[in-house]
Amino acid sequence: MKILVPVKRVVDYNVKVRVKSDHSGVELAGVKMAMNPFDEIAVEEAVRLREAGRATEVVAVSCGTSASQETLRAALAMGADRAILVETDVELQPLGVARLLKAVAEREQPQVVICGKQAIDDDANQTGQMLAALLGWPQATFASRMTFGEGVVNVTREIDGGLETLELKLPAVVTADLRLNEPRYATLPNIMKAKKKPLDVVAAGDLGVDIAPRLRQVRHAEPAARKGGVKVADVAELVNKLRNEAKVI
Ligand code: AMP
């Protein structure tokens, strides 16, 4: 079983992003970038499946500028076998990425694609769903558990009322939620080994799909700053403030 894992280069989750002064976007110059955290979980799941003998190959794929090679090396250091960069300088949106991933999936013929449930930069939560629709494959989003049977994958999802388990026929697209696993840290020897693993670069233009942006970002703004709190002497003062100042009771 071959597993394809799409990984996105995003602003590191520890960075406090700042809106550009002209409100056209967020400041990316000099900002630390990293693999999207949900994609690390997807890579971990795929690598565990290979280590358990259920998968034969784990292929990481990223769409973006040549800087995404760094993200792919991180996936290789975690244990992916090889990587594909679909290179483009075009600003990608979920539909464009889904089309590129479809072209890669048609070439690679994986039995399962494990995406992250969402990218923490655009928070779109769309790419995996669009990819499944374009391929005509079944999809299960927000996976917190995956088990494979004969030609099927069972995916458990956390829903409001509890847990839901879906059985999908392979090939399928699954998106990884936070509790699927805890991703490993790449060890230094594995980081060194990853430098020698194959990383193919494909020009997005050679895949013959339309990746032109469909959405225009109108304006970015910082959330309103929080006002400081106050200490109250007793419950009576708290109730008084809630009733007469905050007017919430
Ligand atoms: P999104 O729909 O943007 O929230 O992204 C959901 C998931 O799609 C991510 O967690 C990745 O697995 C995948 N994805 C999105 N953008 C890219 C990209 N540029 N390259 C590779 N995978 C991506």
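Here is a short tour of a predicted model, from its sheet to its ligand site and two backbone oddities.

**The sheet**

Let's start with the open sheet, which has nine strands and mixed pairing. Reading across, the strands run in the order β9-β8-β7-β10-β6-β1-β4-β5-β11. The edges belong to β9 (162-169) and β11 (199-203); each has a single partner strand, so one side of each is left without a neighbour in the sheet. Ignoring direction, neighbouring strands are turned by 30° against each other on average.

Further in, β1 (residues 2-6) sits beside β4 (residues 57-64), and the two pair in the parallel sense over five bridges. If you want a landmark for that pairing, look at I3, whose bridge partner in β4 is V58.

A helix packs on this sheet too: α4 (residues 127-135) touches β6 (112-116), β7 (139-149) and β10 (172-176). The direction of α4 makes about 175° with that of β10.

**The ligand site**

Now for the ligand, which has 18 residues around it. Which of them come nearest? Those are D39, A119, N125, Q126 and T127. By type, the shell divides into eight nonpolar, seven polar and three charged residues.

Where does the shell come from? Strands β4 and β6 each supply at least two of its residues, and the largest share, three residues, comes from β4. That is the strand whose V58 is the bridge partner of I3.

Some polar distances to oxygen atoms of the ligand are worth having at hand:

| Residue | Atom on the protein side | Distance to a ligand oxygen atom |
|---|---|---|
| P6 | backbone N or O | 2.9 Å |
| D122 | polar side-chain atom | 3.0 Å |
| Q126 | polar backbone atom | 2.8 Å |

How much of the ligand is covered? On its own, the ligand has 490 Å² of accessible area, and the protein covers 98% of that. Q126 turns up twice in this part of the story: it is among the residues that come nearest to the ligand, and one of its polar backbone atoms appears in the table.

**Two backbone oddities**

Most residues other than glycine have a negative phi, and most peptide bonds are trans. Two spots here go the other way.

One is the peptide bond from L170 to P171, which is cis, with omega near 5°. P171 lies in the loop between β9 and β10, and β9 is one of the edge strands.

The other is Q109, which has a positive phi of about 50° although it is not a glycine. You'll find Q109 in the loop between α3 (94-108) and β6. As for β6 itself, α4 touches it.

Notes: Residues are numbered from 1 along each chain as its sequence is written. This is a predicted model: local features need pLDDT of at least 70, side-chain atom pairs count only at pLDDT 80 or more; totals for chains, interfaces and linings use all residues. Side-chain values use heavy atoms; hydrogens and water are left out. Two strands pair if DSSP finds at least two bridges between them. Helices (H or I, at least four residues) and strands (E, at least two) are DSSP runs, numbered from the N terminus. Axes are lines fitted to C-alpha atoms, for helices over the stretch in contact, and angles run from 0 to 180 degrees between N-to-C directions. Contact means heavy atoms within 4.5 Å. A residue is near a molecule or strand if one of its heavy atoms lies within 4 Å of it. A polar contact is a pair of N or O atoms within 3.5 Å; within protein, one must be able to donate a hydrogen and the other to accept it, and residues adjacent in sequence count only if both atoms are side-chain atoms. Accessible areas come from the Shrake-Rupley method with a 1.4 Å probe; for residues, only the protein chains shown count as cover. Ala, Val, Leu, Ile, Met, Phe, Trp, Tyr, Cys and Pro count as nonpolar, Asp, Glu, Lys and Arg as charged, and the others, Gly among them, as polar.
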